[in-house]
Each structure stands twice: as C-alpha cells, then as structure tokens.
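Thanks for coming. I will go through the pockets of one model, so please have the sequence and structure open.

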Amino acid sequence: MKPLEICILAAGMGSRMKSDMPKVLHPLAGQPMLAHLLATVQALEPSKIHVVVGQGAALVQQAFAHREICWALQAQQLGTGHAVMQALSEVSARSRLLILAGDGPLISLSTLKLLLASDADLAVLTVDQPDPTNYGRIVRDNSGCIKAIVEERDATDEQRLLTEVNTGVMLAAAEQLKTWVGQLTTNNVQGEYLLTDIVAIAGAAGARVEPVKATDAGELQGINNFIQLAQAERFYQARQAEQLMLAGVHLVDPARIDIRGNLTAGRNVHIDANCIFEGQVSLGDNVRIGPNCVIKDSVIEAGVELKAFSMLDGAAVAEGCQVGPFARLRPGTRLLAKAAVGNFVEVKNTVLGAGSKASHLSYLGDASIGAQVNIGAGTITCNYDGVSKHQTVIEDRVFVGSNTALVAPVTLGAGATVAAGSTITKDVKQQQLAVARSRQTAIDNWQGPRDK
Ligand code: UD1
Ligand code: CA
C-alpha cells in the first residue's frame, strides 16, 4: 500500500465571511475549523500533512505552530487546482494524496475511510445535498463514472437540478495527480485553475474516475458564510447531544446545549436548558445541572447539584456539593465533599472543606478553609494589597459572622468565632471569639431634628 499524504486547502480568506480573520480560523464548537479537520485526518496516520495557506497565512501558521505541518504558500488565490499545485512539489510521487477543503471541517473518520477504500484512479467524494445551491454538481456518465463536475455558475438549468455534489474531497496517486493538475488551464468563466476540472482531464487520459457517495450530507457541508457556519455548528452540537442522550444523559432540550470541547458524564445525569460546556468537563453519577450554567475545564463529582446561572472555570467539585444559583467558581477552586456555595459567591484559588458553607454574597480568594466552616453572608477575603496576593487560613468549625472582612494574611484557628461586621487584621486563636467592630453606643432621650 502506498503511503498516505494529506493536502488541506486553506489559502482563501473566505470573502463571503466578510471578516478580517482567515476562514479556517473561525471557530466551530470553540475550535478553529482547521483544528477539527487536522484532528480527524491525524487519525489516518498520514506520512505528511500539507496545508496550503495564502491570505492571512501568518495567522494560520501561528495558530498551529505547535503542529507538524508541511506548509505550502499560495501567494495568489488562483483557484483550488492552483492551490494543490503549490503543495505538490513536497508530495512524494510514491504517495496517495487525499485532498480536503479547509472549509469542510465536519467530515468524519468513517467517511474518509470509505473514500480511502476506493481503488479508482481518481476517487471523488460526493453526497446528495438536499439544497445543492453553490456546490459543484456531479455529472455522471451511463456507467456511473463521473464525467464532469460543473460549478453552479457554469451549470445549465438541468444540471442545477442535480443534487449529487462535489464535497471537495478527492483521492488519487500523487504521480498521476501531478500530471493532471499540470494540465489545468484558466479557460473557464471563473478564470481560475479549478481542481474540479481534473475530472475531465483524468477521464480523457483513460483514468477511472469514480464517485464515492457518502450518506451524511450534514458532515459534508461547506462553510462559506456565517449562515453556513451557524448551520454547521448546530449540526455538530446536535450530534454531540444525541451521543450524550444515547449514553443515558437526560438533556431537557438537546437543541439548547453547547459543548465546545469534551464532556463526559456518568449515570443519571440531568442537564437543563442553555448550558455551555468548554474544554474538558467531567460529570459524575447523579449530577444535576440547572439551566444557563457555563462550565469550563472542571471536574464535578457524583451527586453534585449545580443550580441555575452558575459559572465554573477550572474548578473541582467533590461529591454531594451544592452550588448556585448564581455562583462563580474560578480557577483553583476545590470544593470538598458536601460543601455548599450559594448565590453571588465568588471563589478563586481556594479550598472549601467538607461540609463547609458559603451561602450568600461572598468573595473567597486564596483561602484554605477547613471542614464544617460557616462563612456568613458578605464575608470578603481581602487577599490583595495592590501588589501581592495573600493567604487566608480558616481552620475547621470556624464560624464567620456576616459582613466580615478578613485582611490577609490571616489565620482563624479551629472552632473560632468572628462576630458579624468585624474587620479581622490579626490571627484569631482556636475557640476564641473575635469582635472587631466599633461598639454600639446608645444615648437616652435623644432630641433629634424631628423633635426640635
Ligand atoms: C468548492 C468546489 C465545489 C464543491 C465545494 C464543496 C472547486 C472549483 N469547487 O467550491 O465543486 O462543491 O467546494 O464545498 O473546487 N482555496 C484555496 N486557494 C484558492 C481557492 C480556494 O486554498 O485559490 C481553498 C479555500 O480556502 C477553501 C477551499 O479551497 O478552503 C474551497 O474553496 P471555495 O472557494 O470555498 O470553493 P467553493 O466555491 O465552495
Ligand atoms: Ca467552500
């Protein structure tokens, strides 16, 4: 078997996007389009991946600088055939070359394998698109081989009725491709070197040009404008939602969930509407997620309840915790078993011990909080002096009264109590009561302005 090389065409700016960003960098499910395609073709273990860049080349190369990619520069966008020409000098004549369009990022591994199974000289991946507008139409001959690919603007009214379209994905031996591509001309309405014209060139040279028809039109949609990008996003999200539901996750509305990364879930997980998951998120058994939560790079263990409008980023939430509504857990937050964080509480780089509670209106930053601690409403860790961050240590069973400012660095010893309204600047020892507020004074028979 010949070695496999991949060529992804990504030199166009995507003029129909009317955007300053190269088309393949526009995100789909939180990742640039090109990232999806690279991840999929990587699984084929090709010997080389060529990406043809042109407009915004530096931006695209920068975004994938860490990847092993053989970049080809197409300084002027003279057509898809011309784009392939730019890569061919680096393609081994002994290889098979799989050509893909950078703006068709949803193609699946199984569809690629279907095409790779073809032994035709030139295999063209096609699909029936319910709305074929703007795709190149596949014109077959009597034997079922492809006679030509006709672009929308060149097609007759009759050809426009054809629903079988060119997906932009082709496969051929590199040696033959080099000959065919070398014969392309700009003698067409577009005045471009059209890759699609190699079909007729190869056919005339006696090569076997065969369509390989895929079944899933959704994954083969091309993205040329923001309407199509949004349609591709919905398609992708619907697929992910389906997979989750088949795995036993109860999604209240599969049309209102966005997974921009990787979400894993245990048994009996319930997710209400409008939640967004980003990066790596894992949900343990019996987790319940209320509506409108945004969860990024977090681990949520069994039995946790996340109430509406909570936002988590880089948090680890242990078994049985209660979070929200309206809670914000920032990076470095660790809630130990059965801890509770309620509404309008922000937590950052803080461990909240087992069974501890911060139920209302608090900021806990750079703190180490023990077990069974009660953080009263309005408690603030004053962790920042304008230059550095400082630690607050709150040991087990501490009771912090409402509206307390804890000026870090400071330690509250185990079992200590802080009176409401205190500003704590010095350590409090175990079991002590600290009161740090002005005393209440009372004046008898006060004659106020009203009484004068
Ligand atoms: C192309 C196909 C069409 C097919 C459709 C599938 C041709 C001539 N047409 O049309 O038959 O149905 O894709 O989505 O191939 N590119 C370059 N350099 C260029 C021109 C394009 O790298 O000079 C890249 C673009 O960045 C893009 C891809 O090639 O990623 C396809 O180009 P595009 O202009 O989007 O072609 P379509 O009109 O969609
Ligand atoms: Ca396109």
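**Two pockets**

In the lining of the second largest pocket there are ten nonpolar, eight polar and five charged residues. Here Ala, Val, Leu, Ile, Met, Phe, Trp, Tyr, Cys and Pro count as nonpolar, Asp, Glu, Lys and Arg as charged, and the others, Gly among them, as polar. This is a predicted model, where local features need pLDDT of at least 70, side-chain atom pairs count only at pLDDT 80 or more, and totals for chains, interfaces and linings use all residues. Residues are numbered from 1 along each chain as its sequence is written, chains are lettered from A and ligands numbered from 1 in the order written, and side-chain values use heavy atoms, without hydrogens and water.

The space in this second pocket is about 600 Å³. A pocket is an open set of points on a 1 Å grid over the protein atoms alone, where a 1.4 Å probe fits, with protein on both sides within 12 Å along at least five of seven lines; lining residues have an atom within 4 Å of a point. Volume is the space filled by probe spheres set on the points, joined across faces, edges and corners.

Of its 23 lining residues, His 36, Thr 40, Leu 106, Ile 107 and Tyr 236 are the closest to the centre. α8 contributes the most, six residues; helices are DSSP runs of H or I, at least four residues, and strands of E, at least two, numbered from the N terminus.

Now the largest pocket, at about 1,300 Å³. Of the 40 residues lining it, Arg 16, Lys 23, Thr 80, Asp 103 and Asn 224 are the closest to its centre. β10 has the largest share of that lining, three residues.
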